[in-house]
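Reader: Please take me slowly through one part of this model, beginning with the early loops and following the chain from there. I would like the backbone details and the packing treated together, in a single connected account.

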Amino acid sequence: MVAKKGSRGGAAGEDAGEELSRDPLQAILLADSFATLFRPITLERPKVLLPLVNAPMIEYTLAWLESAGVEEVFVFCCAHSKQVIEYLENSNWLNQPKFSVSTIESYNAMSAGDALRLIYEKNVVHGDFILVTGDTVSNMPLTQALKEHKERKKRDSNAVMTMIIKQSKPSPITHQSRLGTEELFMAIDPKTKELLYYEDKADTSKGTLTLDRTMLLDRSSISLHNDKQDCYIDICSPEVLSLFTDNFDYQHLRRHFVKGLLVDDLMGYKIFTHEIHSSYAARVENYRSYDTISKDIIQRWTYPLVPDIQFLQNSLTKLERRGTYRASESESAEFHVTDVGLSRSAKMGPFTVIGSRTTIGKHSEVSNSVIGEDCVIGSNVSIDGCYIWNKVNIEDGCRLKHAIVCDGVTMKSGAVLEAGVVLSFKVIIGQNFVVPAYSKVSLLQQPVRQDSDEELEYADNSSGNIEITSVPNTTDVLEELNTEVGGAGFIWSVGEKGLEEEWRHSVAPISADRLLEIIKSATDELDTSNEESNILPPSGELGIDSDNESDDGRDDHAHFEKEVEATFLRAIHENVEEDHIIIEVNSLRLSYNMASTDCAGALFYAMMKYAVDTPHDSAGELLKITNGVIGKWEKLLKYYLPSLDEEIEVILKFEEMCLESTKEYANLFSQILHLLYDKDILQEDGILRWESEKEQADESDKVFVKKAEKFLQVVAQGGIGRRRLRVGRVGNAFLLVDSLGAMEIELDLLNEDLIGFSCFP
């Protein structure tokens with residue numbers, strides 16, 4: 001059980017304290033998402049019981065609610081309700097002191113609106129409550145948000161809801177968040193934090209949003225955002241339940257209820273926002289968010305809800321090097337850590353979790369993946385970016401990349417899963433069979449009756465009763481296979497929205513080819529329209545007399561640099577390929593209307609900033625770190641240096657950093673300039689042109705020309721070849737100076753890595 005993060009309620013004053021003592025803090029947990037985005041898996045098991053890093057999703061939600069001070073939780077069950085109820089009855093959640101969990105069952109609720117109307121009829125909620133879904137992962141304390149909500153309610157009885165939001169910039173290419181959700185536009189009063197506008201289905205191709213001018217009648221300004229993530233955590237007053245009862249048109253919690261209140265001038269009810277910054281909160285809404293949140297858990301952004309800390313039903317694991325986890329020996333007396341059978345020749349890559357009693361054969365490689373309990377992985381198997389659940393048998397020579405494999409699946413020798421594949425429960429993939437990218441395979445045939453076109457979360461009518469035809473025995477095989485290859489299952493056809501819906505929501509990264517197609521399409525549309533007024537600006541305040549032209553250039557350039565830096569850091573932490581980084585940076589360039597020199601300067605800044613932010617104890621160590629970063633990403637940087645203009649921009653950017661943001665580099669200017677030259681990132685002509693441009697400058701602007709004077713002399717004389725080095729000893733360090741005195745590097749005697757400049761003999 002995790003430690004509590006805050007007091008229950010956190011309201012200020014004696015009256016608030018008395019109110020909290022009379023009304024325990026309650027929560028409504030919707031254990032049905034009323035959506036089909038996880039089919040075919042959810043035809044057989046409710047979404048909240050699907051494993052997320054080897055623990056059912058609902059475990060994360062309940063553990064967070066308990067730690068945040070909630071005292072009473074009502075779990076609403078509809079689809080597969082018996083499975084949810086049975087799971088809770090067999091868990092320890094029903095026996096926790098000061099934390100009551102009870103279930104409310106329904107067989108005919110078709111939406112979140114139906115669920116809340118039924119709960120209202122039960123008359124079990126008696127005060128403010130937390131509304132969440134059972135696929136929520138969070139570690140945020142509720143204290144401050146509850147305090148703000150209660151104080152607002154005292155001042156204004158119409159303040160009925162507080163939505164939890166956090167910053168999350170969508171991709172400028174796909175207009176999706178990192179969770180795979182659509183770009184969200186919100187208008188918020190910057191002073192009161194009141195929500196004024198909410199749109200998650202905006203037509204970004206038009207480049208315009210239409211806002212009601214009445215928003216500014218009694219406000220000096222409003223903030224328009226497209227960089228916020230809706231966490232789907234709501235603090236609600238009891239009036240919310242009665243509003244659903246009075247309005248049967250309210251089905252979807254956001255698209256109907258929230259938008260309905262925002263445009264309702266008669267009742268005057270208001271919704272406010274509370275933005276979290278250091279805490280974590282997200283929903284597993286689709287396969288892409290499943291992948292993203294799993295990575296966040298493994299990388300410990302959700303602490304203390306992480307694999308190596310026990311929170312009731314999760315299996316305890318041991319954290320090892322490079323962010324890897326293996327089943328812990330403390331799990332039981334019978335099975336110890338050695339029961340994870342990892343062959344000596346098998347390789348376990350970074351950010352990998354392996355459950356208990358799982359064996360991995362010779363020369364197999366597993367990286368960036370989660371493997372459940374009781375799995376058997378054969379020899380020469382390659383698994384990258386996959387989620388393998390429990391009791392899965394993968395025979396020799398199989399290859400899996402960015403796939404989900406459910407309980408009981410068998411993959412026969414040589415089988416291949418291409419990117420984005422989902423194998424539902426007990427599917428069998430025949431020998432040497434290749435499952436095409438983004439395929440969904442199930443022992444259940446695809447339902448004949450198709451759901452509504454919208455596929456609305458909370459609002460499709462497929463919950464509960466589904467007409468399906470199951471496979472009577474394992475002789476039914478994949479349509480492309482015959483019985484001789486020994487497969488079993490049906491490959492589902494692509495839905496009405498086509499393949500685009502599949503790759504947008506898949507666990508697989510969007511391919512470089514697909515991203516290039518999107519960029520080309522966006523560029524063509526931009527060239528056709530040729531109307532700058534149709535380009536949506538970055539998030540910011542809009543006032544009655546706001547003049548967006550002033551300082552836009554500087555603001556856009558600053559935003560652009562931050563976006564490039566964020567893209568580069570994400571590439572480091574998530575092992576993003578260089579091609580994808582190039583596509584994203586090019587997209588940002590298009591979005592912010594920047595030049596190629598801006599890309600070069602911004603990317604160089606991101607690399608150098610990352611190097612200087614890496615812990616170090618001396619200038620020599622910083623130089624070594626910088627050499628490593630530049631060496632790893634030199635191909636990426638060279639891509640953005642097609643001409644001398646970009647090379648000069650890099651040197652000018654480095655000067656600026658040495659004077660302002662990263663002054664620690666100032667004394668290393670000459671050495672790093674030499675490093676960039678040595679790696680062919682900067683050419684002689686670029687360096688000498690930078691020097692010549694400084695000739696007419698003020699003396700104060702020639703500081704770094706003077707620092708690099710010896711190096712510049714060498715370059716002017718025809719470049720640096722292989723020359724003999726003069727080696728001297730100063731105390732416990734060597735001093736290496738080339739024959740022309742162009743550079744000198746101090747090296748610790750205990751450190752055998754001599755930086756590795758190619759000009760060294």
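Author: In this predicted model, P40 sits in the loop that joins β1 (26–30) to β2 (51–52), and the peptide bond that leads into P40 from R39 is cis, with omega near 5 degrees. As background, most peptide bonds are trans, and most residues other than glycine have a negative phi. A second cis bond occurs further along the chain, where Y303 is joined to P304 with omega near 10 degrees; P304, too, is a loop residue, placed between α8 (287–298) and β15 (317–319).

Following the chain on from β2, one comes to helix α2, residues 57–67, which is largely enclosed by the rest of the structure because 11 of its 11 residues are buried. The buried set includes M57, I58, L62 and W64, but also E59, T61, E66 and S67. Just after α2, G69 adopts a positive phi of about 100 degrees.

The stretch that follows brings in the cysteines. C77 counts as buried because its relative accessibility is 1%, and the closest cysteine sulfur to that of C77 belongs to C78, at 8.9 Å. That separation is too far for a bond, since a disulfide requires the two sulfur atoms to be within 2.5 Å. A search of the whole structure likewise finds zero disulfides. Elsewhere in the chain, C386 is also counted as buried, because its relative accessibility is 0%.

H80 belongs to the loop between β4 (72–77) and α3 (81–90), and this residue has a positive phi, near 55 degrees, although it is not a glycine. With a relative accessibility of 24%, H80 is classed as partly exposed. On the other side of α3, in the loop that leads to β5, lies K98, another residue other than glycine with a positive phi, here near 65 degrees. K98 is classed as exposed, because its relative accessibility is 67%.

The next loop links the region back to the residues around the cysteines. N108 lies between β5 (100–105) and α4 and, at 58% relative accessibility, is exposed. Leaving out residues up to four places away in sequence, N108 touches C78 and D114. The C-alpha atoms of N108 and A79 are separated by 9.0 Å, while the two residues are 29 apart along the chain.

Helix α4 itself (residues 112–122) packs with a helix from later in the sequence, α6 (residues 239–246): their axes come within 8 Å and cross at roughly 115 degrees. That angle makes α4 roughly perpendicular to α6, and the crossing is left-handed. From α4, the residues that take part are G113, L116, R117 and Y120, which meet L241, S242, F244 and T245 of α6. By class, this contact holds four nonpolar, three polar and one charged residues. A general point about helices helps in reading such a list: with 3.6 residues a turn, residues three or four places apart point the same way.

A second helix pair, further along the chain, can be set beside the first. The axes of α12 (residues 578–592) and α14 (residues 619–639) come within 11 Å and cross at roughly 35 degrees, in a right-handed crossing. Here E578, I581, I582 and N586 of α12 meet K632, W633, K635, L636 and Y639 of α14, and by class the contact has five nonpolar, one polar and three charged residues.

Another loop residue, R178, also has contacts with distant parts of the sequence. R178 is placed between β8 (159–167) and β9 (185–188) and is partly exposed, with a relative accessible area of 35%. Apart from neighbours within four places in sequence, R178 is in contact with S168, R288, T292, D296 and E574. Its C-alpha atom lies 9.9 Å from that of D291, a residue 113 positions away in sequence.

These details belong to a protein chain with 19 helices and 39 strands, in which 53% of the 761 residues count as buried. Among contacts in the protein chain with a separation of 6 or more, 62% join residues 24 or more positions apart.

How values were computed:
Residues numbered from 1 in each chain as written. Predicted model: local features only at pLDDT ≥ 70, side-chain atom pairs only at ≥ 80, totals over all residues. Heavy atoms only, no water. Buried < 20%, exposed > 50% of the residue type's maximum accessible area, 1.4 Å probe, protein only. Helix = DSSP H or I, 4+ residues; strand = E, 2+ residues; numbered from the N terminus. Axes fitted to C-alpha atoms, helices over the stretch in contact; angles between N-to-C directions. Parallel < 35°, antiparallel > 145°, perpendicular 65-115°, else oblique. Left-handed = near helix turned anticlockwise from the far one by under 90°. Contact = heavy atoms within 4.5 Å. Nonpolar A, V, L, I, M, F, W, Y, C, P; charged D, E, K, R; others polar.
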